[in-house]
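Colleague: May I go through this model with you? I should like to start with contacts between side chains and then turn to empty space and the surface.

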Amino acid sequence: MKTPKYWQANSFISKLLAPFGWIYGVLTQLRLKVHKAPKVSVPVICVGNITAGGTGKTPVAIALAKMMETEMFHPFFVSRGYGGKLQNVVVNHKKHSAREVGDEPLLLAKQAPVVVNADRYQGAQLAIIEGADVVIMDDGFQNPSLAKDLSFLVFDGHYGIGNGKIIPAGPLRETLADGVKRADALIILGKDKHHLAERSNLPVFFGHTEAVQTTITQPNILAFAGIGHPQKFYHTLTMQGFNVVKTVDFPDHHFYSKAELEKLVAMAHDLGAEIYTTGKDFVKIPPSMQKYINVLDIAVVWDEPEKLVSFIKEKITKPC
């Protein structure tokens, strides 16, 4: 789905839907209290959020895995594989497609091994068998199937928590207060425009995303994306020096048809522009069409990486 505009404002629609959001929030808390999350034999780091999509969880998870590898850990990701059909498999990016394992697992697999399983406990067990000494959950903060040793809540500093209401009235999966109770730290990407850091007593780690690519051969581009907040991607392209002459939005996790891609190619040709998309979208594009499309990869840059490393190591190496 595309992110509704009323999620950012206290509008008539959001007020009308507020009772349904309250019910959703209550049911979420009941589900978390009823289920006793089982532990596994290695530390589990959860990279989650309390908003629906668009916070930057996947880039953060990739950055943390890279950090763990630098510290001589052997991390595995565990993901539910949203949109995929296979379960309890180790992702092979040369063999599997996004329709089989989901788009985010294919992106994560570029950094570290990924196990896809909606049951995170079973997924973690397979990861351990395969050699994991630390498990990183991409999403799953509201999933009670696996106990976490360290939970981060990721926020986009620009969007914050929107109108502060729960789905479907707003972007929240649960209230900020409820989420903070179970989290160990906040990660805020970009400037904290909504003063989220002041709204909890938890440690806060700041970072921002930067484009990996620096070479520009054709400044005029058509950009498309199927992510929570595509405007973030378009802004990154502009900051990189591109002239974004056309943007096309698709729903989050959208699978592209050949007809849709051919239409984009024709549109770009008429505009005299190249085509750019995100890494998450690129893995869902058929190989026959990938030659027409460029990727702008991004990476998370931490304000205080040493502080973050020390915090993680202290949390996951403490005696049980």
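Colleague: How many salt bridges does the count come to?

Modeller: The count comes to 11 salt bridges, a salt bridge being a side-chain nitrogen of Lys or Arg within 4 Å of a carboxyl oxygen of Asp or Glu. This is a predicted model, in which local features need pLDDT of at least 70 and side-chain atom pairs count only at pLDDT 80 or more, while totals for chains, interfaces and linings use all residues. Residues are numbered from 1 along each chain as its sequence is written, and side-chain values use heavy atoms, with hydrogens and water left out.

Colleague: Which side chain meets Lys 280 in a salt bridge?

Modeller: The partner of Lys 280 is Glu 104, at 3.4 Å from N to O. Lys 280 belongs to helix H9 (residues 279-282) and Glu 104 to helix H4 (residues 103-108), so this pair ties together parts that are 176 residues apart in sequence. Helices here are DSSP runs of H or I with at least four residues, strands are E runs of at least two, and both are numbered from the N terminus.

Colleague: Is Lys 280 buried or exposed?

Modeller: Lys 280 is buried, with a relative accessible area of 12%. Glu 104 also counts as buried, at 15%. Buried means under 20% relative accessible area, exposed means over 50%, and partly exposed lies in between (1.4 Å probe, protein chains only).

Colleague: And what does Asp 139 form a salt bridge with?

Modeller: Asp 139 pairs with Arg 173, and their closest N and O atoms are 2.9 Å apart. Asp 139 sits in the loop between strand E5 (134-138) and strand E6 (150-156), and Arg 173 in the loop between E6 and H6, so the pair ties together parts that are 34 residues apart in sequence. Asp 139 is buried at 11%, and Arg 173 is buried at 15%.

Colleague: Which residues do shared partners join into one network?

Modeller: One pair to begin with is Asp 281 and Lys 284, whose side chains meet in a salt bridge of 3.8 Å, N to O. Salt bridges that share partners join Asp 103, Asp 281 and Lys 284 into one network. Asp 281 is buried at 0% relative accessibility, and Lys 284 is buried at 7%.

Colleague: Now to empty space. How much of it lies in the second largest pocket?

Modeller: About 400 Å³ lies in the second largest pocket. A pocket is an open set of points on a 1 Å grid over the protein atoms alone, with protein on both sides within 12 Å along at least five of seven lines; lining residues have an atom within 4 Å of a point. Of its 18 lining residues, the closest to the centre are Leu 32, Ala 37, Phe 141, Lys 148 and Arg 182. The elements that give two or more residues to this lining are H1 and helix H6 (176-182).

Colleague: How many cavities of 30 Å³ or more are there?

Modeller: There is one, a cavity being a set of points where a 1.4 Å probe fits but cannot get out. The largest cavity holds about 90 Å³ of space. Its lining has 14 residues, and Gln 8, Thr 51, Tyr 159, Gly 160 and His 229 lie nearest its centre.

Colleague: Finally, the surface. Is Trp 22 buried or exposed?

Modeller: Trp 22 counts as exposed, at 61% relative accessibility. Trp 22 lies in helix H1 (residues 12-34).

Terms used. Grid points are joined across faces, edges and corners, and a volume is the space filled by probe spheres set on the points.
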